[in-house]
Amino acid sequence: MKVTITVNGAKTTHDVEPRLLLVHYLRDVLGLTGTHIGCDTTSCGACTVHLNGLAVKSCTLLAVQADGGEVRTVEGLARNGQLHPIQEAFWEEHGLQCGFCTPGMMMTALQILERHPKPTEDQIRHGLEGNLCRCTGYQHIVNAVQAAARKMEGQNAKRR
Amino acid sequence: MAVSRLFGARVKRRDDPQLITGKATFTDDVTLPGVLYAAVVRSPHAHARITRIDASRARRHPGVRAVFTGRDLADRLAPMPCAWLVPGCELKVPRRPVLADDRVRHVGEGVAVVVAEDRYAARDAAELVAVSYEPLPAVINQEEATRAGAPRLHDDVPDNTAFTWTTTGGDARAAFAAADVVIHQRFTNQRLIPNAMEARAATAHANPATGELTVWVTSQNPHIHRFVLSIVLKMPEHKLRVIAPEVGGGFGSKIPVYPEDALVAFLARELGRPVKWTEDRRENYLATIHGRDHITDLEIAARSDGTLLALRGRTYANLGAYLSLAAPGIPTILHGLMLAGAYTISAVEYTVHGVVTNTTPVDAYRGAGRPEATYLVERAVDLVAAKTGLDPAEVRRRNFIPKEKFPYTVPAGITYDSGDYDVALARALAMVDYEAFRREQAAARKAGRYLGLGLSTYVEICGLGPSPVAGAVGFQGGLYGSATVRMAPTGKVEVMIGESPHGQGEETTFAQIVADRLGVPFEDVEIVSGDTARTPMGWGTYGSRTTVVGSGAVVTACDRLIEKGRQIAAHLLEASPDDVVFQDGRFSVRGSPDRSKSIQEITLQATLAWNLPAGVEPGMEATAFYDPPNFVYPFGAHACTVEVVPETGEVRLLRYVAVDDCGRVINPMIVDGQVHGGIVQGIAQALLEEAVYDRNGQLLTASMLDYAVPRAPQVPRMETDRTVTPSPHHPLGLKGIGETGTIASTAAVANAVMDALAPLGITHLDMPYTPRRVWHAIQQRGEVRP
Ligand code: FES
Ligand code: FES
């Protein structure tokens, strides 16, 4: 089946098996290996990307379900060589160790901050519930999301 | 020389930019042209004889290039070795073929492999391999496995007992005879699944021209992988290159060399095309090692004043179906020798039976033997406190090895390097506001609320370790650290290390050390690891060893370069080497600082070699192997407070306070991260995680839906602090920090929960303290008092 999916702003068209998972489309067909796979039960969130502005687990969607849609992956977070505030915050707050969960964590964090620009710690922890990290114990990830919120607030203030 | 600018600073990690932008290369991200994909056909039975394998349909499936069964490989590949041959325990190592060729002994054991043009075709075809089995009775529990009449797994392992290991120190019999208090308690350290977020993977490529085989693999120790693969593949090591690219967590589970690693390498060699295999999570739960799984009977002898006299016990350690790479050493050397904990217990008598069962093999999982030991001894202290009516903090203080007694040799014969246990405990008690909590607890109890506080004053053995000791305890390798420091003509520094960090941050902390030591800019230092073709022989990253032994090698190599530079500088400056001082990256003549050369200038001169002093070789490169004189012994005091909700059995974590002492700290931010992650893994053992098998050997918790890895809302914000007691024998005064959190926290939480339940007369429950288990225990005690 032919699918056309806009990924990080670029239109992609490929002939795929109907059963091809979106995550495999991103990783194997497009070579965007920043999106990871950590489970087979929709449990870990390592594969989280945004589809039409919503955080989704790309291991649980078929590529054909994203046909005509817009996908944003970790590779699309930085713009013009400028790290996204969430990326900066994860770096500054030591929000990653092995870094395997990190792309999914950051994509979920982005969704949290879109919904709650000034999130409480509870909102952050509950927002991250679908993403597993085995390395950090979450504390520095939570700190990173808080720091990102402050950065993004500052940026928005500047823009206003 | 001054340890100056960067040591101790909160430097951001230099590996992060590639990880946060999605550009990092993990093993499954390695893409090679013409790659084939392998899928493993696995046993659905815990114990069965293979009667027939028919792969004809699989072979005909579109895209399939090859199918191999265990019988096809039996003569081609050597069995998977076990590499920790603990002496003096009648160790038996049963044969473990790469693919089962006669019998399967656990669910998930590989019986065949299918190779196809893409992942999906390989998976489809694996389903088409028809394997006929004749099921055999299985045994899952390690105590049952040793009983007469139990199904036997291996003909050469009688009673399913692979070893019986004993440690004795002091006179336990006399101590028990003299005791006022003797407590007997049965404990379990339940089976856990490591759950590195990246499952395992391997990709191999054979160069037809050179015969060289390159294997990318999720490994914590690429040199060990090369060593073992050369044995299994019957191939010389110099034709093998093993690369561990970015590795998404290991926690011990990526130490072992696995059958699939050998398979993928074999297939690439055999088929002349690159081959990739990537584990899915279900396979990871069935075919990657598990951890813990001990059943222990422990007796504790104490005096009525709380003095701990002796421990006597017996543990049945479940090893799973085969002896994984390091398996025999974990419940013995890394466990039994640490049983006395931080205390002046004068006698220990302890036997460990290593038992094979029809379950996934068990090996090192974060802490590896030490969390199990800490759980036993820290629970024992609290049981003594409860029995004697003393405060658990006071019992600890009365039994701590005093600061002035270090180096201190425990009954098991190992010697702790340094410690100041009182100070760490005092700090933790202050942070958690111990007295206030006790008052709050008393008031809450009157109101029918169950609060508890648990302490864990742990000590651990790490920084593995002196190679002669490794040899003496049967570890089939050295345990030194290694580093090559090479300065390029322009003065940039490459540091190749034999360890293989994968998230622990040594690419940053070692650059901090080197920049300080050589007086060069941080940006000019690159740390290289994870590739056998680029790094000196080294033993990998585990056992909280990398920072400790790796830094020993790094500073030794740096110092050799400084010494060489001094010779060259003296020659060029026409001074005696004794008069040349090195500081902040400059060699200068004592007393005349204007006569000086930078280390970069000297490096250029060393590289050009136009004018070197007699006897000095060209080049600015040094390799050092650092074999530590002893292990290091980090310690600390953790305190946890909980509330148990009697109506639901739920355990609520209120506060978690950790005071750790890992000696001097290179980068506090990274140390905090290690501590947090470790604590949460230990909390998980206490509250959430357990690998459960049914009686037939089916893993009931075979997915992340069924096995409870902690999530962000389930863990508290941790409060950390440190004391600093340098290791006296380490060149930088370092101790390890990678496992302390896990070693300490399970016991802290367990003690807190038991403290909360004490008014109900509950003195012991097995972990994990799930609401169901706690609720049942409360119900069995009858009415919850108002
Ligand atoms: S890989 Fe998608 S949720 Fe785990
Ligand atoms: S950083 Fe390793 S899993 Fe999150």
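## Exercises on a predicted two-chain model

The largest nonpolar core here holds 221 residues, and the residues with the most contacts inside it are Phe90(A), Tyr416(B), Val753(B), Leu757(B) and Tyr769(B). Helix α10 (residues 370-388) of chain B gives the most to this core, with 9 residues. Keep in mind that this is a predicted model.

### Exercise 1: Around the cores

Find out what Phe90(A) touches beyond its close sequence neighbours, then look for a second core.

*Solution.*
- Step 1. Leave out anything within four places in sequence, and Phe90(A) is in contact with Gly95(A), Leu96(A), Thr102(A), Met105(A), Met106(A), Ala109(A), Ile141(A), Ala144(A), Val145(A) and Ile20(B).
- Step 2. Check the chain letters: that list includes Ile20(B), from chain B.
- Step 3. A second, separate core has 47 residues, among them Phe522(B), Ala557(B), Ile568(B) and Tyr626(B).

### Exercise 2: Two helices side by side

Describe how α10(B) packs against helix α19 (residues 740-757) of chain B.

*Solution.*
- Step 1. You need two numbers, because a packed pair of helices is described by the angle between the axes and the distance between them.
- Step 2. For α10(B) and α19(B), the angle is about 30° and the axes are 8 Å apart.
- Step 3. Now the handedness: α10(B) passes α19(B) in a right-handed crossing.
- Step 4. Pick out who makes the contact. From α10(B) come Arg370(B), Pro371(B), Thr374(B), Tyr375(B), Glu378(B), Arg379(B) and Asp382(B). From α19(B) come Thr742(B), Ile743(B), Thr746(B), Ala747(B), Ala750(B), Asn751(B) and Met754(B).

### Exercise 3: A strand with two partners

Work out how strand β13 (residues 291-302) of chain B is covered and paired.

*Solution.*
- Step 1. Start with burial: 10 of the 12 residues of β13(B) are buried, so the strand is mostly covered.
- Step 2. Take one partner: strand β8 (residues 181-192) of chain B runs antiparallel to β13(B), joined by 11 bridges. Ile183(B), for instance, has Ile300(B) of β13(B) as its bridge partner.
- Step 3. Take another partner: strand β14 (residues 308-320) of chain B pairs with β13(B) over 9 bridges, again in the antiparallel sense. Here Glu299(B) stands opposite Arg312(B) of β14(B).
- Step 4. Look at the turn: the hairpin of β13(B) and β14(B) has 5 residues between its strands, and Gly306(B) there takes a positive phi near 90°.

### Exercise 4: A small sheet and a serine

Sort out the order of the sheet that contains β2(B), then decide whether Ser43(B) is buried or exposed.

*Solution.*
- Step 1. The open sheet has 3 strands in the order β4-β2-β6 (chain B), with antiparallel pairing. Its edge strands are β4 (103-104) and β6 (130-135), each pairing on one side only.
- Step 2. β2(B) and β4(B) share 2 bridges, and Arg49(B) stands opposite Arg103(B) of β4(B).
- Step 3. Now locate Ser43(B): you'll find this serine in the loop between β1 (36-42) and β2 (48-54) of chain B.
- Step 4. The relative accessible area of Ser43(B) is 3%, and the cut-off for buried is under 20%, so Ser43(B) is buried.
- Step 5. The side chain of Ser43(B) reaches the backbone oxygen of His45(B) at 2.7 Å. Beyond four places in sequence, the contacts of Ser43(B) are Val104(B), His106(B), Val107(B), Gly108(B), Glu109(B) and Tyr133(B).

How values were computed. Residues are numbered from 1 along each chain as its sequence is written. Chains are lettered from A and ligands numbered from 1 in the order in which they are written. This is a predicted model: local features need pLDDT of at least 70, side-chain atom pairs count only at pLDDT 80 or more; totals for chains, interfaces and linings use all residues. Side-chain values use heavy atoms; hydrogens and water are left out. Helices (H or I, at least four residues) and strands (E, at least two) are DSSP runs, numbered from the N terminus. Buried means under 20% relative accessible area, exposed over 50%, partly exposed in between (1.4 Å probe, protein chains only). A polar contact is a pair of N or O atoms within 3.5 Å; within protein, one must be able to donate a hydrogen and the other to accept it, and residues adjacent in sequence count only if both atoms are side-chain atoms. Contact means heavy atoms within 4.5 Å. Two strands pair if DSSP finds at least two bridges between them. A nonpolar core is a set of buried Ala, Val, Leu, Ile, Met, Phe, Trp, Tyr and Cys residues joined through side-chain atoms within 4.5 Å. Axes are lines fitted to C-alpha atoms, for helices over the stretch in contact, and angles run from 0 to 180 degrees between N-to-C directions. A crossing is left-handed if the near helix is turned anticlockwise from the far one by less than a right angle, and right-handed if clockwise.
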